[in-house]
Amino acid sequence: MIDKRVDDLDAALAGIAAGATIMISGFGNAGIPANLLRGLGSMGLSGLTVILNAVRRLEESDPVFFADERVDHVITTAFRGPGQETAAFEQQWRDGKLTFEIVPQGTFAERIRAGGAGVPAFYTPTAAGTPLAEGREQRDFNGQARVLETALTADVALLRAQKADRYGNLFFHGTQSNFGTAMATAARLTIAEVEEISAKTLPPEQVHLPGVYVQRILQAARED
Amino acid sequence: MAAPLTRDQMAWRAAQDLPDGAYVNLGLGMPVLAASHAPRDREIFYHSENGILGVGPVAQGLEIDPELVDAGSQRVTLRDGASVFDSAASFAMIRGGHIDITILGGFQVAGNGDLANWDAKVPNKGPLIGGAMDLAAGAKAVHVIMRHNNSDGSARLVSACSYPLTAPACVKRVYTDLAVLDVDVDRDGGGFVAREIIPGLSREELTTATGAPLIFAPDCCDLLAPNLA
């Protein structure tokens, strides 16, 4: 019998250890696993590597990640806080307490997709001829420079969806899926918070992410 | 006395070049304003890199859905015929050359079409790339909306970008508050061709305001935009 439902945040996040590499879905305010992030923040884990689109979303979800210097390394497309003020994570980078890798967003998504699909690396036109390609392995295809990019994987992926069934099948609403679909495939442990756990099994054609990629599901209402 | 175009007028002018049936990605800032100024009789599908093809107007009142946002994190609606998908699929659409036009903001455009629009080296602030590099490298045509000059008067249309590049040799057309210009691909070393200039600005003044070789198209005409409130 398969049942991936868990009762509470503790059960959802059990086993995540200090030093873990964690992928976090979300774009803008859509698909952010805000409940799971607050739970993770209260666990007090340090030495984390986080992989997420925009670092500011983690600080907004729970400032403790940077206030208590829990994060050592970030892989992201946007290492910038809002407005003109220097954000806590920007200050820690300037103080040498945190490192980051900045990645073009499409390359970011594709590296994660590759990680979940068993593809170790790929060539892409993005960033060719820019400072991000300097010192990187490049090759010409049809006379045009392409940059070698390597796959990303993680210990844990955290994401938010609209509906799930006990098999871990997920249905996304609006622009909720964003990076979560690929992140779920690239992590050893994928934890999804969902608005609703369906009493009935999801219709096969409405399964956006097959349950094979999801290990735990937690019902948790969106908070605004 | 020449009156430079407003932000909305620049976006309006860029929108007039979006053809019926086009799939278009609009960058943050001025480019996204183009959607509200495109001619109403054209069917245009706006792509948002977080996973929408067919972005509609900004959501109001009961339309607001917190889990439906565009790449600028605005809560939006979907137009008839729209679809939603994940980020990897969205960027495959971009990188695979399926988006006809992207309109981006810019810090600098060089006469060979180089674009710099992601890192202005602001002290105390980290870098932000987002989807700009993928769009600049992958869209079939890259158009840029930006002011012709910085507030200190220095040129943003330059011979070589001093800011880090977003992508080399990608820009086709630039809409500024003073002119509409094409990148001069035929010119050795690069330059710009002015297609339209705002009334009251002389060719000499535009040449002085431009930091790269500039010629004028034989049919170069007045850049006229409606008075947008």
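Biologist: Two residues are in contact if their C-beta atoms, placed from the backbone, lie within 7 Å. How many residues of chain A are in contact with chain B?

Modeller: This is a predicted model: local features need pLDDT of at least 70, side-chain atom pairs count only at pLDDT 80 or more, and totals for chains, interfaces and linings use all residues. Residues are numbered from 1 along each chain as its sequence is written; chains are lettered from A, and ligands numbered from 1, in the order in which they are written. Chain B brings 34 residues to the contact, and the number for chain A is 38.

Biologist: Thanks! Which element gives the most to the side of chain B that touches chain A?

Modeller: Elements here are DSSP runs, numbered from the N terminus: helices are H or I with at least four residues, strands E with at least two. Two elements of chain B give two or more residues to that side, α3 (87–95) and α4 (132–138). With five residues, the one that gives the most is α3(B).

Biologist: Moving to the parallel strands of chain A, which residue of β3(A) is the bridge partner of A:Val50?

Modeller: Strands pair if DSSP finds at least two bridges between them. β2 (residues 48–52) of chain A pairs in the parallel sense over four bridges with β1 (residues 21–24) of chain A, where A:Val50 stands opposite A:Ile22. β2(A) also pairs in the parallel sense with β3 (residues 71–76) of chain A, over four bridges. In β3(A), the bridge partner of A:Val50 is A:Val74.

Biologist: And in the open sheet of chain A, why is one side of β5 and of β6 left without a neighbour?

Modeller: This sheet has three antiparallel strands, in the order β5-β7-β6. β5 (121–124) and β6 (138–141) of chain A stand at the edges, so one side of each has no neighbour in the sheet, because each has a single partner strand.

Biologist: Last one: which strand gives the most to the largest nonpolar core?

Modeller: Such a core is a set of buried Ala, Val, Leu, Ile, Met, Phe, Trp, Tyr and Cys residues joined through C-beta atoms within 7 Å, where buried means 20 or more other C-beta atoms within 10 Å of a residue's own. The largest one has 136 residues, and A:Met23, A:Ala157 and B:Leu115 are among the members that touch the most others. Giving seven residues, the strand that gives the most to this core is β8 (residues 154–164) of chain A.

Definitions and conventions. A residue is buried if 20 or more other C-beta atoms lie within 10 Å of its own, exposed if 12 or fewer, and partly exposed in between; C-beta atoms are placed from the backbone.
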